[in-house]
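Work through the exercises below with the sequence and the coordinates open. Try each task before reading its solution.

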Amino acid sequence: MYTIPTDYLSYFAPEVLLTVWAMVLLLAEAFLSLSPRAVAAAALGSILFIAIITCFFDSTSTVFWGGLCKWDGMAKFFHLFFLAVAALVIWMGDEVQAPVPHGGGEFVILPLFTTAGLMLLASANDFILLFIALELVTISFYILVAYQRRSLVALEAGVKYLILGGLSSAFLVMGVAYIFGLTGYTRFDLIWLHLWHQPFPPGVAFGLLLVLTGIGFKVAMVPFHSWAPDVYEGAPNSITAFLSVGSKAGGLIILMRVVLGLFDKPAAAAIWIPVLTVGAIASLLLGNLAAIPQRNLKRMLGYSSIGHTGFILVAVIGASATLGAGKPEVPGSDIATGQVAVTVYLVSYLLATFTAFIVLAVLDRRLPGLEIHHLAGLSQRAPLLAAAFALSLISLAGVPPLSGFIAKFYVVIVAWNRGLYCLLFFTIFAAVAAFYYYLGPIKAMYWSEPLDETPIRINRTTSGVLIVLIVLLIGTGFWAQSMAPLINGATLAQTANHAAPVAIAQH
């Protein structure tokens with residue numbers, strides 16, 4: 001029997017500490033009447049403390065808590081990634097965006113619960129634990145999206161997200177039920193061992209399709225994307241950024257755990273690779289083409305997010321071990337494996353997306369609206385805001401030397417080396433199409449006369465954060481090797497996919 005060393009329980013420290021601290025803050029805010037700013041400061045301090053603790057954890061692949069959880073380089077990377085996202089979201093909610101009407105400290109505390117769920121997702125090695133973590137994330141987002149309950153747009157976004165989110169969870173649970181009914185297990189490693197030496201059952205294949213349907217909603221993959229533009233427009237700016245980066249990354253970690261760690265065998269890959277290929281192509285085309293006529297900046301970024309899902313799915317497909325090598329590798333492609341491309345793309349997407357939404361949060365308090373024409377002459381009224389927004393859009397478009405170029409370059413290399421020439425064509429087409437709508441706001445900011453010449457002033461903290469993000473956008477593009485720790489972590493996660501099941505089988 002497989003025994004669980006008690007030392008392994010320390011890997012739960014980030015989730016436990018964050019959840020306990022969130023509950024303490026919730027009670028303190030209710031009984032001590034703490035200001036939202038004090039709650040935000042305490043939340044940011046806890047995130048910094050937990051991030052420091054997580055950095056000292058080893059990246060060696062380990063299965064613990066009865067096999068329900070797995071710790072490896074991928075889990076460590078996503079723990080730190082989600083903590084960084086949470087810190088930016090909480091800071092935005094308190095410092096930058098307009099105060100949420102009737103809002104209190106719970107608007108700051110709920111992202112802590114969401115982050116705890118996201119970190120648990122990163123370590124989940126069992127469908128039951130995965131579902132519990134996913135529901136913790138989703139329920140928190142239901143509340144946060146519709147938090148501005150006096151706004152009809154926010155309520156509409158919340159209702160759509162609630163209905164479609166519940167439907168996606170139903171698909172996911174039904175898929176897990178099929179897989180459990182035919183294998184007798186919910187743990188990933190035991191399911192992998194059960195399926196390894198026998199033909200792939202059709203019922204499990206159907207369950208896999210249902211699970212992919214549920215995950216498709218979380219990452220805004222076409223045709224499960226319809227919620228994204230409306231929710232992006234209706235939610236507060238900080239929560240929109242949280243959804244764009246955090247929710248997408250959470251769905252992707254589930255996707256990689258399931259298709260790359262659990263079902264990456266030829267019979268199963270013959271099912272999920274075509275499904276994700278169709279989803280990637282549809283997301284690339286619809287996301288980028290539908291963004292072109294959009295005049296509202298948040299809706300434009302919502303459709304853009306769908307397009308970026310397509311790019312990341314190409315990297316996920318390329319990470320499959322069942323794909324044979326294509327052409328000889330191009331120079332420097334030894335680090336551009338599929339999982340590495342995903343991690344680099346997510347970091348680049350985080351930097352560009354939060355830069356853009358911080359600017360939009362500032363402008364939302366000072367402009368009559370967030371339409372493209374409202375940006376007219378912004379370079380004269382707020383040079384730093386205009387430069388930050390322009391650089392974020394250029395990075396999202398994939399223009400060198402910004403980090404977005406490196407991310408898309410890695411995806412192209414993965415598609416080329418794996419012989420995914422059809423996906424490569426649509427990837428390049430979508431990247432070119434994206435230039436049109438990303439350059440529209442830049443043209444308005446720098447080549448249009450301002451409607452109002454009153455300068456827009458921002459505080460030093462916001463200026464400092466924007467400058468840091470700009471430096472990171474440029475720096476990670478010029479010096480791609482600065483992402484080496486991420487590359488090493490992704491490689492460890494990839495090579496250790498099936499080490500734990502073998503160890504358990506030996507016991």
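This is a predicted model.

**Exercise 1. Overview**

Task: State how many helices and strands the protein chain has, and what share of its residues is buried.

Solution:
- Start with the secondary structure. The protein chain has 20 helices and two strands.
- Turn to burial. Of its 507 residues, 60% count as buried.
- Then look at contacts between residues at least 6 apart in sequence. Among these, 82% join residues at least 24 apart.

**Exercise 2. Helices α12 and α17**

Task: Find how α12 and α17 are oriented to each other, and which residues make the contact.

Solution:
- Two packed helices are described by the angle between their axes and by the distance between the axes.
- Locate the pair. α12 spans residues 297–318 and α17 spans residues 421–447.
- Take the geometry. The packing angle is about 160 degrees, and the axes are 11 Å apart.
- Apply the cut-off. Angles over 145 degrees count as roughly antiparallel, so α12 and α17 are roughly antiparallel to each other.
- Add the hand. The crossing of α12 past α17 is left-handed.
- List the contact. α12 supplies L297, M300, S304, H308, F311, V314 and I317. α17 supplies L423, T427, A430, A431, Y437, Y438 and P441.
- Sort by class. This contact has 11 nonpolar residues, three polar and no charged.

**Exercise 3. Helices α12 and α16**

Task: Do the same for α12 and α16, and say how many residues of the contact are charged.

Solution:
- Place the partner. α16 covers residues 403–417.
- Read the geometry. The axes of α12 and α16 come within 9 Å and cross at roughly 40 degrees.
- Classify. Under 35 degrees would count as roughly parallel, and 65 to 115 as roughly perpendicular. α12 and α16 are therefore oblique to each other.
- Add the hand. α12 and α16 cross in a left-handed way.
- List the contact. From α12 come H308, F311, V314, A315 and G318. From α16 come K408, V411, V414 and A415.
- Sort by class. Six are nonpolar, two are polar and one is charged.

**Exercise 4. Helices α16 and α17**

Task: Complete the set with α16 and α17: which residues make the contact?

Solution:
- The axes of α16 and α17 come within 8 Å and cross at roughly 155 degrees.
- That angle makes α16 roughly antiparallel to α17.
- α16 passes α17 in a left-handed crossing.
- V411, V412, A415 and W416 of α16 meet Y421, L424 and T427 of α17.
- By class, six residues of this contact are nonpolar, one is polar and none is charged.
- Compare the lists. H308, F311 and V314 of α12 are named in its contact with α17 and in its contact with α16.

**Exercise 5. Three helix residues**

Task: For H79, M256 and T138, decide: buried or exposed?

Solution:
- Set the cut-off. Buried means under 20% relative accessible area.
- H79 lies in α3 (residues 73–96). At 0% relative accessibility, H79 is buried. Leaving out residues up to four places away in sequence, H79 touches P14, E15, T54, W71, M119, A122 and S123.
- M256 sits in α10 (residues 237–262). With a relative accessible area of 4%, M256 is buried. Under the sequence exclusion of up to four places, M256 touches M74, F78, G261, V316, Q339 and V342. The C-alpha atoms of M256 and A319 are 8.9 Å apart, although 63 residues separate them along the chain.
- T138 belongs to α5 (residues 127–145). Its relative accessible area is 2%, so T138 is buried. Beyond residues up to four places away in sequence, T138 touches Y161 and K218.

**Exercise 6. Backbone exceptions**

Task: Find where the cis peptide bonds from V222 to P223 and from P400 to P401 lie, and what the phi of A220 is.

Solution:
- Recall the background. Most residues other than glycine have a negative phi, and most peptide bonds are trans.
- Take V222 to P223. This bond is cis, with omega near 10 degrees. P223 is in the loop between α8 (202–218) and α9 (227–234).
- Take P400 to P401. This bond is cis too, with omega near 5 degrees. P401 is in the loop between α15 (383–397) and α16.
- Check A220. A220 is not a glycine, yet its phi is positive, about 60 degrees. A220 also lies in the loop between α8 and α9. With a relative accessible area of 1%, A220 is buried.

**Exercise 7. Cysteines**

Task: Count the disulfides, and compare the accessibility of C55 and C69.

Solution:
- Apply the rule. A disulfide needs two cysteine sulfur atoms within 2.5 Å. The count is zero.
- C55 is partly exposed, at 43% relative accessible area.
- C69 is buried, at 0%.

Methods: Residues numbered from 1 in each chain as written. Predicted model: local features only at pLDDT ≥ 70, side-chain atom pairs only at ≥ 80, totals over all residues. Heavy atoms only, no water. Buried < 20%, exposed > 50% of the residue type's maximum accessible area, 1.4 Å probe, protein only. Axes fitted to C-alpha atoms, helices over the stretch in contact; angles between N-to-C directions. Helix = DSSP H or I, 4+ residues; strand = E, 2+ residues; numbered from the N terminus. Left-handed = near helix turned anticlockwise from the far one by under 90°. Contact = heavy atoms within 4.5 Å. Nonpolar A, V, L, I, M, F, W, Y, C, P; charged D, E, K, R; others polar.
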